[in-house]
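Okay, thanks for coming, everyone. I'd like to walk you through one protein model today, piece by piece. Have a look at it first, and then we'll start with a single residue.

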Amino acid sequence: MTRWNYVSNVSVAFNPFAVVDRVISPANCTLSPSRRNRLAARRMSRVDGLRANSSQFTLGGEPFRILGGSIHYFRVPRAYWEDRLLKMKACGLNTLTTYVPWNLHEPERGVFDFEDQLDLEAYLRLAGRLGLWVILRPGPYICGEWDLGGLPSWLLRDPDMKLRTTYPSFTDAVDSFFNQVIKRVVPLQYSEGGPIIAVQVENEYGSYAKDGEYMPFIKEALLSRGVTELLLTSDNKEGLQRGGVKGGIVRLVHITKISHSKPKMVMEFWSGWFDLWGELHHVFPAEDMVAVVTEILRLDMSINLYMFHGGTNFGFMSGAFAVGMPAAKLMVTSYDYDAPLSEAGDYTTKYRLLRDVFSRYHGECGALLPRRGPTVSSYQPVVIQQHLSLWDSLHFTDKSERPVNMENLPVNNNNGQSYGYTLYETPITSEGTLNSKNNVRDRALVFVGKHFVGVLDFDTQELAVPDGKGKRTLSLLVENCGRVNYGNTLDEQRKGLVGDIEFNKRPLRDFIIRSLEMKPAFVDSLCRSGHWASMRQQPTFPAFFQGKLHVSGSPKDTFIKLPGWSKGVVFVNGKNLGRYWSIGPQQTLYVPGPWLHRGDNQVVVFEEQETDGRIQFSGGGEYGMTVDVQ
């Protein structure tokens with residue numbers, strides 16, 4: 001793939017400051033008169049924001065080259081935000097780009113979360129305080145190798161939902177979300193004295209483009225809520241003509257169609273690539289990458305490194321890839337991306353070489369690099385002390401004649417189940433053949449009388465069920481392995497059992513359905529349960545396993561290794577680190593030091609099929625055998 005995929009050729013035909021009556025100003029809050037006057041003076045001096053009226057960008061009326069990098073606040077522990085941004089600035093970059101994940105900020109319809117790890121305003125203010133400008137990419141769709149491209153799964157409860165269109169149920173939901181997010185960022189625009197110099201309208205819509213009215217709707221949704229800075233879109237060569245918006249804004253075009261009279265920018269220069277379970281770890285050799293970056297800068301172009309620091313897809317938030325293949329391939333937990341800063345925020349050869357290059361173009365490259373922060377530790381192995389069978393840990397029960405996909409289950413205040421596993425159980429009375437009819441999304445462990453008989457997925461759609469005595473319970477533990485985040489199948493990303501399952505060519509009926517979303521409250525209740533058994537007793541799989549990691553000094557970052565385990569999820573002090581899977585390529589899970597504390601730390605592992613009873617630790621990330629990105 002080309003590393004030049006998104007390049008901007010700027011054509012601005014409207015005044016981005018035309019809508020001023022809807023600007024939300026901090027001066028209207030409880031500010032003192034002197035503070036209000038200072039803010040007004042600063043706004044007056046910042047009338048001339050980012051402009052694209054000549055062969056160079058200008059900011060404040062002066063020539064400006066965007067040297068950008070992507071760091072997503074939701075993929076980095078909040079305690080490390082400042083460390084990562086300082087390292088970005090020390091590398092010679094002047095602009096931060098970040099997505100805004102709708103599905104984290106509105107996990108249930110009408111329930112919004114902008115606190116703690118999701119405090120977008122704090123992240124943007126921090127960037128400004130450290131001297132970085134911001135290009136904000138608020139969606140509503142973000143792609144980003146993130147579950148459903150950042151769209152909340154509760155949208156899929158509507159059987160007729162048409163995502164990324166002007167379908168009324170979708171636009172109503174977008175309006176509600178934008179009412180919350182845009183009012184938080186409007187006061188942080190350049191014209192208001194903040195760091196935001198540009199805002200992206202949707203993301204790569206030309207590669208989707210099902211509705212010609214959709215992009216104008218998103219543009220107006222931003223303007224009408226007070227966005228006054230330069231607007232831009234992002235598309236590849238094929239999507240350019242379908243993804244733009246009439247009336248101007250920055251349009252991204254292929255390198256061969258650049259106008260010499262307009263600024264040029266590589267909006268996404270991929271520093272590496274994402275990884276898929278069962279494949280190899282992608283790398284972009286440092287020397288090769290730096291040679292291309294050097295050439296881009298020599299051509300007087302602006303650039304944004306995607307990613308500068310990738311971080312981690314904590315929890316169940318990694319997406320899936322389904323371009324040019326019959327079934328989706330599942331993305332790993334790590335978002336290391338072979339970026340200039342590693343998953344744990346370490347400097348890399350790529351970082352040092354890039355810093356040398358950027359220092360020629362940006363005078364604020366610091367002479368001293370920020371300290372690395374807490375060192376990474378390979379703690380002593382943890383020996384598992386207790387186990388708890390899955391069959392003893394299930395609570396919510398729903399009865400249904402037919403299978404119900406997880407998004408339509410009556411849980412989470414009727415917002416459905418978003419992530420994790422769902423258990424479907426029904427009685428059978430004979431041996432026979434189980435056929436999924438390709439209605440398993442994405443992977444089902446099949447049990448008869450709690451005895452494992454096999455796996456159903458896209459590749460395996462039939463299983464033989466052995467004979468037994470009398471009525472037995474057939475159980476299908478179905479995992480949502482991640483929703484597709486890019487392409488034309490977003491409307492089809494419902495999970496669980498999405499249709500009939502046949503046994504001996506007859507559809508199964510009379511299901512008991514249990515939701516296993518593994519939210520923090522559930523994990524906490526597990527740990528307080530009195531049903532845990534000693535490891536002296538043979539565990540029954542699937543099961544939860546519990547151990548203690550003792551930290552004697554100041555907590556340090558570390559990586560968990562599970563070579564004697566098969567597939568599952570790890571929780572440390574109630575925080576979901578993400579999925580592990582023995583098929584690789586990823587071999588470790590990142591554990592941020594700030595999520596640990598002195599003394600005993602609780603480690604809980606949900607394992608599907610096997611364990612050696614030990615949790616090991618590594619001093620660095622291990623991502624498997626490598627392949628160069630093409």
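So, let's start with Glu202, which is buried, with a relative accessible area of 1%. Keep in mind that what you see is a predicted model. Where does Glu202 sit? It's in the loop between E7 and H6. And its backbone is worth a look, since Glu202 has a positive phi of about 55° and it isn't a glycine. For background, most residues other than glycine have a negative phi.

Now, what does the Glu202 side chain pair with? Its salt-bridge partner is Arg164, and the closest N and O atoms are 2.7 Å apart. Arg164 comes from the loop between strand E6 (133-137) and helix H5 (168-185), while Glu202 comes from the loop between strand E7 (196-200) and helix H6 (214-223), so this pair ties together parts that are 38 residues apart in sequence. Are the two partners buried or exposed? Arg164 and Glu202 are both buried. If salt bridges are new to you, the general idea is that side chains of opposite charge can pair when their charged atoms come close.

There's another residue with a positive phi to put beside that one. Asp300, also not a glycine, has a phi near 65°. You'll find Asp300 in the loop between helix H8 (286-298) and strand E12 (302-309). Its surroundings are another story: at 37% relative accessibility, Asp300 counts as partly exposed, whereas Glu202 is buried.

Back to salt bridges. How many turn up in the whole structure? The search finds 25. Let me zoom in on Glu608. Glu608 forms a salt bridge with Arg443, with the closest N and O atoms 2.8 Å apart. This pair links distant parts of the chain: Glu608 is in the loop between strand E35 (599-607) and strand E36 (614-618), Arg443 is in strand E21 (residues 443-448), and they are 165 residues apart. Both Glu608 and Arg443 are buried.

Glu608 also meets Lys567 in a salt bridge, at 3.6 Å from N to O. Lys567 belongs to strand E32 (residues 567-572) and Glu608 to the loop between E35 and E36, so the pair ties together parts 41 residues apart in sequence. Lys567 is buried, just like Glu608. And there's a bigger picture here: Arg443, Glu479, Lys567, Arg579 and Glu608 are linked in a network of salt bridges.

Next, a couple of odd peptide bonds. In general, most peptide bonds are trans. Here, though, a cis peptide bond joins Gly139 and Pro140, with omega about 20°. Pro140 is in the loop between E6 and H5. Another cis peptide bond joins Arg441 and Asp442, with omega about 15°, and Asp442 is found in the loop between E20 and E21.

Let's pick out one helix, H4, which covers residues 120-129. Which of its residues are buried? That would be Leu120, Ala122, Tyr123, Leu124, Leu126 and Ala127. What covers them includes strand E4 (67-71), helix H2 (81-90), strand E5 (95-99), E6, H5 and E7. Just after H4, Gly131 takes a positive phi of about 90°.

On to pockets. The largest pocket has a volume of about 1100 Å³. It's lined by 37 residues, and the closest to its centre are Leu104, Leu118, Gly315, Met317 and Pro520. Helix H3 (102-105), helix H10 (520-527) and strand E33 (575-581) each give at least two residues to that lining. By type, the lining splits into 18 nonpolar, ten polar and nine charged residues.

The second largest pocket comes to about 790 Å³. It has 27 lining residues, with Ala327, Ala328, Lys329, Leu330 and Phe458 nearest its centre. Its lining divides into twelve nonpolar, five polar and ten charged residues.

Last thing, let's zoom all the way out. The protein has ten helices and 37 strands. Of its 630 residues, 62% are buried. And if you take contacts between residues at least 6 apart in sequence, 80% of them join residues at least 24 apart. The accessible surface comes to about 24000 Å², and 49% of that belongs to carbon and sulfur atoms.

That's it from me, so over to you for questions.

How values were computed: Residues numbered from 1 in each chain as written. Predicted model: local features only at pLDDT ≥ 70, side-chain atom pairs only at ≥ 80, totals over all residues. Heavy atoms only, no water. 1 Å grid on protein atoms, 1.4 Å probe; cavity = no way out; pocket = protein on both sides within 12 Å on 5 of 7 lines; lining within 4 Å. Points joined across faces, edges and corners; volume = space filled by probe spheres on them. Helix = DSSP H or I, 4+ residues; strand = E, 2+ residues; numbered from the N terminus. Nonpolar A, V, L, I, M, F, W, Y, C, P; charged D, E, K, R; others polar. Salt bridge = Lys/Arg side-chain N within 4 Å of Asp/Glu carboxyl O. Buried < 20%, exposed > 50% of the residue type's maximum accessible area, 1.4 Å probe, protein only. Contact = heavy atoms within 4.5 Å. Areas by Shrake-Rupley, 256 points an atom, 1.4 Å probe, with all protein chains shown as cover.
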